[in-house]
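Hello,

Here is the structure I promised to pass on to you. Please open it beside this email, and then read on for what was found in it.

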Amino acid sequence: MSIINTTIEQYPQANGTVHVVERHTDHLGQQYMRTWFSDGHDIEAMATAHAAELEAQLAQQEIDEVLGDG
Amino acid sequence: MADYFVASGGSNTSPYDTWAKAATSLATALAAATATGDRVIVQYDAVPSGDSGAASSVTYTFAANIALISASNDGGSAYTPTAMGESYWIGTSTSGSINVFLAGAYNVYMYGITLRSGGGNSNAVITLGNSDGAHYEMEDCCLWQASTASNQILRLSAIGNSHNTFARLTRPTFRFGHTSHSIVAACAEVVIEGGQISPSGSTPSTLFTVSSVVAHGSVYMEGCDWSPVTGTLIGSHTNGPKNYVFVTCRLGSGVTVLATQTPANKSSARAWLYDCAAGDAHYHIQYHDAFGSLTVDTGIYANDGAQYDGTNRCSWKVVTSANCSYYTPFVTPWFDVYHSGTSAVTPSIEFLRDGSTTAYQDDEVWGEWAYKGTSGFPLTTMVNDRKALAASAANQAAGVGTSGWTGENASAWSGKLQPASTITPAEIGHIRGRVCVGEPSITVYIDPQTRLT
């Protein structure tokens with residue numbers, strides 16, 4: 001299971017924060033959305049890191065499902 | 001009503017009614033406290049060694065509606081309630097797979113008690129209310145998951161589809177031994193007021209999980225400082241639905257409120273946040289479920305729209321996930337307008353599409369209103385401007401125009417939601433409005449007020 005596409009939407013707010021919407025898509029076309037408020041974060045790096053976390057979680061889910069079926 | 005004392009320096013003499021005759025085992029005192037209103041008083045800095053250094057898993061069972069109080073030994077039968085903090089505990093400081101359970105289907109109050117599970121790289125769990133029907137209220141208590149093994153939990157209730165459990169934790173401290181640890185509310189109705197995470201332990205990457213146990217009920221939090229958590233507040237709820245409400249809580253910078261949910265619908269977890277933020281902002285409302293997220297947006301708003309501080313304006317921004325649909329939409333919380341008349345009125349809600357001049361249609365975004373249409377009762381009647389089931393989709397009505405909004409891109413569209421016919425309230429009172437978004441993966445700005453004409 002791998003994330004093949006990530007889009008990032010950024011919405012500046014009046015107090016200087018940025019509302020971030022990440023949409024990650026896996027190789028099956030399933031989309032995973034995450035929203036958060038950035039206060040000076042490296043948004044690109046955070047999204048990349050989250051995509052990696054998602055890949056790890058999805059891989060673990062696959063393992064769990066296989067073991068569960070066994 | 002009787003008092004039963006527990007201290008390592010007691011003589012263990014029944015009826016344990018003074019510090020001198022204190023029981024040297026908590027279980028002994030709990031077994032003796034069988035009448036409603038009984039109190040078991042544990043010397044906070046002299047917990048018997050069998051109770052503070054358990055070598056194997058231990059269950060403390062309440063036998064009646066009692067109070068368990070941590071206190072100082074003031075001599076005789078005098079005491080001053082004193083919390084154990086993180087210096088003293090019930091449980092163990094030993095490494096190993098040592099669980100600590102509180103059981104008994106009674107109404108129990110606890111003050112200042114610290115529960116500590118086994119340490120080291122072993123599985124261990126702390127469980128409150130490990131009985132169907134337990135109602136525990138804990139004040140200034142600490143739950144200390146001392147294991148450093150991954151994925152260990154602090155469990156706030158029994159587990160089981162038919163279990164009823166309630167836990168109210170006032171000013172609790174949660175201490176974790178690993179970043180993968182979490183709180184599992186399981187089958188409990190939980191209230192946490194003034195909660196915090198111990199800086200002496202690890203900070204969970206995800207604070208609330210289900211961890212392969214059954215979940216239902218809700219978690220209501222007020223005044224909790226979750227600022228150390230910068231990962232995720234609520235993980236995926238694969239084992240049951242759960243509602244989380246955060247009120248005036250401090251959040252971690254950059255925290256994700258709700259992780260991607262499996263199942264990807266409202267049978268998983270949902271989150272409401274009222275006036276919660278990582279910084280000096282006092283206007284936030286958030287709502288999250290598997291179909292989307294709602295946040296307050298101060299960058300794009302109607303020029304005559306809702307104000308968040310008496311001067312500046314804001315909108316509600318809905319961002320839908322890939323999981324919603326016309327039939328199973330994302331639904332915002334209600335917003336009310338008070339109406340003192342009973343003549344026919346037309347309610348409407350202004351909204352904006354940013355980044356495109358194409359109108360949203362009535363199968364993508366629609367409004368719903370509830371008004372008191374029946375005389376003599378508070379019963380509401382609901383109307384909407386959603387596409388009829390067998391009809392073709394049609395553009396929603398044009399709104400005030402993009403000149404009536406601030407902050408949008410050059411390419412935008414202003415719309416208005418309103419029912420096809422006027423409504424006639426039969427009683428004065430609130431007319432409620434909300435917006436439904438059935439189109440996946442879009443963004444909609446809503447002026448969160450129902451306008452009446």
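**Parallel strands in chain B**

In β7(B), the bridge partner of V58(B) is V100(B). That pair belongs to a parallel pairing in which strand β3 (residues 58–61) of chain B is joined to β7(B) by four bridges. Before you go further, please keep in mind that this is a predicted model.

β7(B) has another parallel partner: two bridges join it to strand β10 (residues 125–127) of chain B. There, V100(B) stands opposite I126(B). So which residues of strand β7 (residues 100–103) of chain B are buried on its two faces? On one side they are V100(B) and L102(B), and on the other F101(B) and A103(B), so both faces of the strand are covered.

You can also look for an open sheet of five strands in chain B, with parallel pairing and the order β6-β9-β12-β15-β18. At its edges stand β6 (90–91) and β18 (196–197) of chain B; each has a single partner strand, so one side of each is left without a neighbour in the sheet. The partner of β18(B) is easy to find: strand β15 (residues 173–175) of chain B runs parallel to β18(B) and is joined to it by two bridges. One residue pair to click on here is T173(B) with its bridge partner Q196(B) in β18(B).

**Where the two chains meet**

Now turn to the place where chain B and chain A touch. The contact is made by 30 residues from chain B and 20 residues from chain A. Together the two chains bury about 1700 Å², and 46% of this area lies on carbon and sulfur atoms. How many salt bridges are counted between chain B and chain A? The count is zero. What the rule does find across this interface is 10 residue pairs in polar contact, with both residues at pLDDT 80 or more.

On the chain B side, at least two residues each are supplied by β23 (256–258), β25 (285–289), β26 (292–297), β28 (315–320) and β38 (443–446). The largest share, five residues, comes from β26(B). Sorted by class, the side of chain B that touches chain A has 10 nonpolar, 18 polar and two charged residues.

On the chain A side, a good residue to zoom in on is R23(A), which sits in strand β2 (residues 18–26) of chain A. Is R23(A) buried or exposed? R23(A) has a relative accessible area of 4%, so it counts as buried. Its side chain reaches the backbone oxygen of T320(B) at 2.9 Å. Leaving aside neighbours within four places in sequence, R23(A) is in contact with residues of chain A, including N5(A), E9(A) and Y32(A), and with residues of chain B, among them V319(B), T320(B), S441(B) and I442(B).

**Salt bridges**

Side chains of opposite charge can pair when their charged atoms come close. Over all chains, the structure holds 14 salt bridges. Here are some you can visit.

In one of them, the side chains of D17(B) and K21(B) meet, with 3.0 Å from N to O. D17(B) is partly exposed, at 31% relative accessibility, and K21(B) is partly exposed as well, at 26%.

Next, try R451(B), which takes part in two of the pairs described here. With D304(B) it forms a salt bridge whose closest N and O atoms are 2.9 Å apart. This pair links distant parts of the chain, 147 residues apart: D304(B) is in the loop between β27 (301–302) and β28 of chain B, and R451(B) is in strand β39 (residues 451–452) of chain B. D304(B) is partly exposed, with a relative accessible area of 43%, whereas R451(B) counts as buried at 18%.

R451(B) also forms a salt bridge with D447(B), and here the closest N and O atoms are 2.5 Å apart. Why does D447(B) count as buried? Because its relative accessibility is 0%, and buried means under 20%.

Finally, have a look at E137(B), R168(B) and E193(B), which are linked in a network of salt bridges.

Enjoy exploring, and write back with any questions!

Best wishes

Technical notes. Residues numbered from 1 in each chain as written. Chains lettered and ligands numbered in written order. Predicted model: local features only at pLDDT ≥ 70, side-chain atom pairs only at ≥ 80, totals over all residues. Heavy atoms only, no water. Contact = heavy atoms within 4.5 Å. Buried area = accessible area lost by both parts, 1.4 Å probe. Salt bridge = Lys/Arg side-chain N within 4 Å of Asp/Glu carboxyl O. Polar contact = N/O pair within 3.5 Å; in protein donor to acceptor, adjacent residues only side chain to side chain. Nonpolar A, V, L, I, M, F, W, Y, C, P; charged D, E, K, R; others polar. Buried < 20%, exposed > 50% of the residue type's maximum accessible area, 1.4 Å probe, protein only. Pairing = 2+ DSSP bridges.
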